Structure formats: structure tokens, C-alpha cells
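Me: I should like to learn how to read the local and packing features of a structural model. May we work through one together?

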Amino acid sequence: MRGGETHVPTPTPAPPTTPTVHTHTHTPETPLHLGLTLGPLRRGPADPTFRTTPTGALWRASRTPEGPATLRVTHHPDTTTVEAHAWGPGATWFLSQLPHLLGESDDPTAFEPRHRLVAQTTRRRPGLRLTRTGLILESLIPSILEQKVTTDEAYRAWRLLLNKYGEPAPGPAGEELRMRVMPDPRTWALIPSWEWHKAGVDNKRAATIIRSAKVARRLEEAAQMEPAAARARLELVPGIGPWTSAETVQRTHGAPDEVTTGDLHLPGIVGYALAANRDATDEDMLELLAPYAGQRHRAARLIMLSGVSPPRRQPKMRRVNIAEW
């Protein structure tokens, strides 16, 4: 999952469609790699909202402004066309947003590598586009769950909560792939304290999610704002800081310059890759990324995708399951 890539098998012909399916085709203007582009939306290998199948399809279940929807996309390597199928009340909305989801709003040609490592990774990872979902809560809530815990703990909490409080994804994904659609805001707000505890979510993160759910309509408005203004709107909610807002708008806005600060590992990775400084701070990282002004998030992603990181010199962050307390 490092750098936000997921493996997508070579596609095979789509299964016969049903009368309730909506279809759409899209031809990207620049090279597209589905796994690199949509990989950041996947919250762990068992994310109930995200699947890849041996047929080469990538599946995504979301709660759109028009209701739940499931999207199936395939990108055939011998053509430039992306084929999409969607089910559910939000299918039309999902397909209308498909170009943005596939990074059509992004301009990868605006990026100019300034370091050899970054240039090499750019060549080795063609087709990286920054996705823009336009859906705030579905990126915000898992980002809150990831605050100050290991990714395994956060992924487990997301999976348990969606399996219990989400609803089956529309179309064949719900039954065949056991995919789930994220709960609506009211359901999030009504999850009892003991269920948060069983999912391993402490009171602080649970309270932040509940507060966010109660002002969901106002937060979703941020999808139409510029990234900086959207982050400011999100950070009005107690418990949401710069780390969480950056992780959110990177996905909701396809924001190429919104680099994550306050991260436990990212400064050290960037510092080690660009300056052999494994103890780099946020300030050091931002200084190293200054030549990429306007594209700092893309540069950071390419650095993570390079596979270059400081050797481990201490044990991993200890995993704590509060459900066992």
C-alpha cells in the first residue's frame, strides 16, 4: 500500500450486464494507471468498499449525493479506453464524476522532477494521476481512524464498522464480492460507545467522527472549494488538524500541492531519499520539497513509490487493541 498503489490484474471481457446497470466509456487524454490512480482510496487489503478481481476489474462502492452506488472499471492495456459499469441510485452521479475520479482534472505534465530519484520513479511509474472523488466524508472518516495508530488498527476499525453499520453495495458487488457502502451521517452519529470500543477506536477519534457526521452537509460543501479553503473548513471541527485535512483533500480534490505534515514516517522517508537525512523534521521535508512548489504532494508520492526508505532501527509502533481492555 505504500505510496498508494494497488495491483489490478489484466482485464477480461465484462460479464453480461443486467437491466439495472449503467454503462459509460472514457478515453483519458494522458496515460493512465488504474492501480496508481485509485490505490489511495483503498483502506487496507480487506476494505469493504474496494475490490480488485482476477478479471482485471476494479470495484468501488460509495455513498454519493444521490444515494449508494457501485462502480466497476476496467482499463484494457491494448486500448486507451476505460469501460465503466455502475449500479444503484447514485450510479448516474458516479459515472458523471468518472473523469475526475480517473484524474482528468489533474495535469501530470505540470510536474518537473528536480532529483534523479524522482525522475527515475516518474519514468518507472507512468500513468500516475491524482484522483478527485468529490466526496468528503468517505475520505475524512477513515483518515480520522488513522490518527496516531498503526495502519493495521485503522484498517481493522474501518472494516469492522462498515461490516456492521454499512449496507450491501448495489448490484452484483454486494452479494458476490461482499462489498459495503459506508453508513450515512446519521448512522455514524448514532453508533454507541461500546461499538467504537469493540472496533478499537478510542473516545477522542470516535467523538471527532461523530462531530463530523453531525455537520456532514457543511463539510461536503468543501468539495467545491479550493483545497486550502476546504482544509480550513474541515479544521473547524475539533479533532481535525493539518494531518487529517491534508490526507482528506489529497483524495477529494486531487490536490497536487497538499503535502502531509505531522506524519510519523513521511519526513524521514523524504529526508532520507533526497538528503540522506533519516531524522528530517516537517520543516526539513518542506524545505526539500520547496523546488516542487505546486506539486509537493505528487513529489512525496513518487518518493514513497520509489521504495527508498531509511533502514529500520527500532521496532514497529506497538499495536494496541483497546477492545481487549
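Me: Which residue follows H14, and what is the sign of its phi?

Reply: The residue after H14 is Ala 276, and its phi is positive, near 55 degrees. Please bear in mind that this is a predicted model.

Me: How many of the ten residues of H14 are buried?

Reply: Burial is judged by relative accessible area, with under 20% counting as buried. In H14, eight of the ten residues meet that criterion, so the helix is largely enclosed by the rest of the structure. They are Leu 266, Pro 267, Gly 268, Ile 269, Val 270, Gly 271, Ala 273 and Leu 274. Their cover includes helix H4 (116–124), helix H15 (282–289) and helix H16 (296–305).

Me: Where does Asp 263 lie, and what contacts does its side chain make?

Reply: Asp 263 belongs to the loop that runs between H13 and H14. With a relative accessible area of 24%, Asp 263 is partly exposed, because the cut-off for burial is under 20%. Its side chain forms a polar contact with the side chain of Trp 243 at 3.0 Å, and it also reaches the backbone nitrogen of His 265 at 2.9 Å. As for the backbone, the C-alpha atoms of Asp 263 and Thr 244 are 9.8 Å apart, although 19 residues separate the two along the chain.

Me: Which residues of helix H12 are buried, and how are they arranged about its axis?

Reply: Within H12 (residues 227–234), the buried residues are Pro 227, Ala 230, Arg 231, Arg 233 and Leu 234. Viewed down the axis of H12, they fall within an arc of 160 degrees, so they line one face of the helix. Helix H5 (136–145), helix H11 (216–220) and helix H13 (242–252) are among the elements that cover them.

Me: How should one read the largest nonpolar core?

Reply: The general idea is that, in soluble globular proteins, nonpolar side chains tend to be buried together. Here the largest nonpolar core has 31 residues, of which Leu 140, Leu 145, Leu 161, Trp 188, Trp 196 and Val 201 touch the most other members. At least two residues each come from H5, helix H6 (151–165), helix H10 (203–214), H11 and H12. The greatest contribution is that of H5, with six residues.

Me: Which residues does Leu 140 contact, leaving aside its neighbours within four places in sequence?

Reply: With those neighbours set aside, Leu 140 is in contact with Ser 212, Leu 219, Leu 234, Ile 240, Thr 244 and Thr 248. One of these partners, Leu 234, is also among the buried residues of H12.

Technical notes:
Residues are numbered from 1 along each chain as its sequence is written. This is a predicted model: local features need pLDDT of at least 70, side-chain atom pairs count only at pLDDT 80 or more; totals for chains, interfaces and linings use all residues. Side-chain values use heavy atoms; hydrogens and water are left out. Buried means under 20% relative accessible area, exposed over 50%, partly exposed in between (1.4 Å probe, protein chains only). Helices (H or I, at least four residues) and strands (E, at least two) are DSSP runs, numbered from the N terminus. The arc is that of the directions from the helix axis to the C-beta atoms. Contact means heavy atoms within 4.5 Å. A polar contact is a pair of N or O atoms within 3.5 Å; within protein, one must be able to donate a hydrogen and the other to accept it, and residues adjacent in sequence count only if both atoms are side-chain atoms. A nonpolar core is a set of buried Ala, Val, Leu, Ile, Met, Phe, Trp, Tyr and Cys residues joined through side-chain atoms within 4.5 Å.
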